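Please look through the sequence and the model shown here before reading on. The report takes up the overall fold, a metal site and the pairing of charged side chains.

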Amino acid sequence: MPSSQPPPSTNASPPPDYKTIASQFAAAKRIKEAEDKKKKKAQASSTVHNPESTEQKLQQLQQKHQEEEITAREQRHGRLEVARKRTYQSRWAWTASFWVWLLCVHAVGIAYFTSGFLLTRLVLEEKSACDAPPTATDPLLLLPAWEGRGTVDGGCWHPRMFERAVVVVIDALRYDFTVPVEDNAAFHNAFPFMWETAVRDPGKAFLRPFIADPPTSTLQRLKGLTTGTLPTFVDLGSSFSGTAIEEDNLLMQLRDAGKRIVHLGDDTWEALFPGYFEGNLSRAYDSFNVWDLHTVDNGVMEHIFPLMSRKSEWDLLIGHCLGVDHAGHRYGPDHPEMTKKLRQMDSFIRDLAATMDDKTVLVVMGDHGMDSKGDHGGESDDEVEAALWMYSPKGIFGRTKPEYVTPPATAKIRPVNQIDLVPTLALLMGIPIPFNNLGRPIEEAFAGAAGTSWANLVAAERVTAAGIKRYQTAYFTARGIEDSTGPGSPGELWDKAEDLVPQGKKQDWPVIFRAFAAYQEATLQKCKSLWARFDLKNMAIGISVMALGVIVLLVYVSRGDDDDVIEDEELDLAEKSLELQGVKADVEATPSDTLDKRLVGAALLGALPGFIGGVVSSLVSGAGDWYRGSGIAALTSTAAVLVSMHEVQETVLSIVPRTLWGWMAVVFTVSQSVGFASNSYTIWEDSILLFFITTFGFVSALAALRIPSRADRYLAIYHSVVFILLGRLASFSKLCREEQMPYCTSTYYASATSSTSAPWQLLIPFLVCIILPSILKAYLQPSRSYEGLAPTWIGYVFRTGLLMSALYWLLDAADNGNWIPGLPDKTIKNISVYTAQMVLGLALVAGTTAFIWAPPCVSIVTSASPTDSTKAQVAILGYGNAHGARYLLLPLNLLAACILLSKPMGAGALGLMAWQILALLEILDLNNLAATSSPIGPVMLAVLGTFHFFKTGHQAVLSSIQWDAAFIPLFTIRYPYSPLIVTLNTFAGQILATAAVPLLVLWKASPKKRGLLDAVSRRALAGFVAYFAVECLATMAWAGYLRRHLMLYRVFGPRFMTAAVVLLVVDIVGILVALAGVRCNTMAIGEVFGWAE
Ligand SMILES: [Zn+2]
């Protein structure tokens, strides 16, 4: 079947729906039956020739009898078809139930492991009080008594310096944006005001690097910036709902002291501090609308200046600008919009500083930085390095060394921890330091204008350290931890520092200062390691559940091929005739007692003990222990399934591969899994996947030499070469992670410091639109299945969708680059959003409807027989690939949606992926590697999916999530659409691969092929999901084993999180798209051609 074969000449136009085809098919059958009968009659009359009238009567009677028999037969046949349909539906339901059960097992395993793996910190309820400073001995040892001591107005624990504070958060303000850098980057030298002031007026201002504790999301940062403690990874999940802070914090202290707080900007503050802010003065704005660069900033600027002339109405004013962050997400740092934004912030802060008075301190800071393409969330240097600038015309800031006056040139020099702002601001404003604080006062704020107020600085340092000591003691008591007193321990450092204090008046201040600082640092380290304490028991349970799930899958996938797919023409015919004689007509066609049904039964039974145990233990303990119950239920349930599999002789032994291809599948999967133990392997995963793809292509080209038919041999080699070349071509699309530098060049966007596409990249979607539909046609034509709905759908609808998404990206670029000046604001954005919505509507809504109702991609041609012109010849075009060609429409619909959502470069990669999948199907078919006999097909499809995850601009790090994709078809964040869109963007590769899994079985499958559902579920889908389950288990095991590794949160943790989410996504898409699609497809084919099983 060479692809160059000309299209079959059809004189019948494609029928509009399957009913037409069905009736045509039935009509053709009737014609044939009638002809047969005529032939028989003619034979009978020629052999027995008797002119007697009684004979004639008898013949008439016989004929009548025959006709009656035919009607009865047809009725019986109809009943049989109904019974078969019902059997199929019930089998499908049991198969789907099995997969739902497996999804639950995976979810429980992942949840259990995660709960033991992530950092946990006990939140203490205690609050600091103004009149109860933490210092055990007299706090006045270092400072003389000050007026109003022990009151907020005089200063609770330290003399108060400012009555009011203005805190401006410029989201994602990276440190290098604020200092002079000798280059022409769009993000450098555009915000010089803060640096200039610090140099010109060191007494009035200072600028320092401000290091965030990961995860670098705004919600987590605001928690750290107000409580002074470290974030825990557990909190990350709540990043989108935003929960109120319960523990002691700066705002709570101010509110309790009767101070008034006003907030403008990012509404995350409202979520964290509900009811804290002066309602009539505060203004909150949506924080997730990353497409919008100006609304929040303009709102802050509009409302902040009037408040500056009414300073008596507030005590703390918070302004949170989001424009810089959003410019980073939308364009990347290296874009003219970023320059504009930074210039705007420069003049904003310049104007704001001009309105300050001696009683007010101004703090400007970034809550985190951004990576080279403008995103954040992880812990790379660029993401954690923000800037801090403090300003007051009062001129109280000082440096202990003259060289400290010039702000550090890079963020590596003299950085300040973000939590250090908490004690600094608390002491400057006279309020108590929040109870859980672990930060230390910033030197410049307490050293005095001349840099010589050592007593003041040491007093601030000591009272903060005492607070930390108090917190540490309380925490240890609450958790029942022994405090160590060995050399270098925090306890010993504290005693040493306290011993120095009494002699302090006469001598070495810096020594005492450093002693307390050493204590603070040691405690911070101690707390970090304490909170990174892992719950090994939960981790072990999670890994066990996952491992059992993997074993179940492997046994399920590898059972012997006894009664699987039988395609025996003889048997089929014999059965048909028996059936027509009504022998089997009234018994059920096939037993519905399938393996899946048994397994689901075992799973439910097995889950009972755990479920009951969970309920009982939660009743006994009263603590609602559903969590443990689910873990036990998952374990007992998987065990029961394994036992039940053993009963039907599905031993673990049968999972050992027997062919080269089988071994290759195992090696690809296992070497990946072992590789996750090494950080360089994990970092370079995309290159390794390309190597696998190339290897498979070479081996299949070599294997093709054994194919007996010459045409098939060349064809197999051709498809193998295409498979390799497309992989190589796709590998030009790259998005590098920080660890790959400098050996990697990002090509996904216009430049490494951008998140917009280069103009030439806009051509890619147009190329996809021109080429891809023709490629699809070329793969369908050899099997004559470019029939039915296929020409309309692929040639027109699908192509229109691709054209519109190409136009979308052109419009988007025109909007970003302001190509058409003078247009009213948002005109292009409006047009492009509606274009995108139309593409998605076409692909997902119209596409699904069309898929459900589409006729098979076949057409029936009736022509005169070449031998006998009185006889009609019926040919069905596309019969041999009836299942595959029709099912292909479903992944194509998803493909059209993903191409729109994946940006121009990603569109190219996904187009290549679709082509590669078709080449893979041909390779498997020509080499006789059907999913029923070899696991290599499903594994290669999984490798392709993962490979294209990287090729669509992603990496296994948080910051590579393309949040801005949510705004392709929408103006603002909307649930549940926005998360769904981001999921489609992020996992486009794996989702498409999952949707294509049934093709491994259905491709080149004729309507009469039996056991297709079984083959899809047990062979293709099980093998495919097994790859991801093994990957998830492996990353889990390695992350658990390497939990103390330096790279845990940078490499291993994110990789585990990616694998876990991918597994769940693949499970869900497998059920909702692949299995549901197969059901729908089989029903449509069964309606037309009759049921095969
Ligand atoms: Zn952001």
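What follows describes a predicted model, section by section.

## Overall architecture

The protein chain of this predicted model contains 35 helices and ten strands, and of its 1093 residues 57% are buried. Where contacts join residues at least 6 apart in sequence, 79% of them connect residues at least 24 apart. The area that the protein chain exposes comes to about 43700 Å², with carbon and sulfur atoms supplying 61% of it.

## The zinc site

The zinc ion is coordinated by two OD entries of Asp-325 together with the NE2 atoms of His-329 and His-376, at 1.9 to 2.4 Å. The angles among these four donor atoms run from 56 to 146°, and the site is classed as irregular because four donors count as tetrahedral if all angles lie between 85 and 135 degrees, and as square planar if opposite donors are over 155 degrees apart and all others between 65 and 115.

In sequence, the donor residues follow the spacing D-x3-H-x46-H. The two histidines link distant parts of the chain, since His-329 belongs to helix H8 (residues 323-331), while His-376 sits in the loop between strand S6 (360-365) and helix H10 (381-384), 47 residues apart. Both His-329 and His-376 are buried.

## Salt bridges between distant segments

Side chains of opposite charge can pair when their charged atoms come close. The structure holds 35 salt bridges, and one of them joins the side chains of Lys-85 and Glu-1087, with an N to O distance of 3.1 Å. Lys-85 lies in helix H2 (residues 53-117) and Glu-1087 in helix H35 (residues 1048-1089), so this pair ties together parts that are 1002 residues apart in sequence. Lys-85 is partly exposed at a relative accessible area of 27%, and Glu-1087 likewise counts as partly exposed at 35%.

A salt bridge also connects the side chains of Lys-259 and Asp-153, at 3.5 Å from N to O. Here Lys-259 is in the loop between helix H5 (250-256) and strand S3 (261-266), and Asp-153 is in the loop between H2 and strand S1 (164-170), so that distant parts of the chain, 106 residues apart, are linked. Lys-259 counts as buried at 17% relative accessibility, whereas Asp-153 is exposed at 54%.

## A further pair and a network

Arg-310 forms a salt bridge with Glu-313, and their closest N and O atoms are 3.1 Å apart. Arg-310 is partly exposed at 35% relative accessibility, as is Glu-313 at 29%. In addition, Glu-163, Arg-164, Lys-311, Asp-357 and Lys-359 are linked in a network of salt bridges.

Conventions. Residues are numbered from 1 along each chain as its sequence is written. This is a predicted model: local features need pLDDT of at least 70, side-chain atom pairs count only at pLDDT 80 or more; totals for chains, interfaces and linings use all residues. Side-chain values use heavy atoms; hydrogens and water are left out. Donors are N, O and S atoms within 2.8 Å of the metal (3.2 Å for Na, K and Ca); water is not among the atoms, so sites may look incomplete. Four donors count as tetrahedral if all angles lie between 85 and 135 degrees; four count as square planar and six as octahedral if opposite donors are over 155 degrees apart and all others between 65 and 115; anything else is irregular. Helices (H or I, at least four residues) and strands (E, at least two) are DSSP runs, numbered from the N terminus. Buried means under 20% relative accessible area, exposed over 50%, partly exposed in between (1.4 Å probe, protein chains only). Contact means heavy atoms within 4.5 Å. Accessible areas come from the Shrake-Rupley method with a 1.4 Å probe; for residues, only the protein chains shown count as cover. A salt bridge is a side-chain nitrogen of Lys or Arg within 4 Å of a carboxyl oxygen of Asp or Glu.
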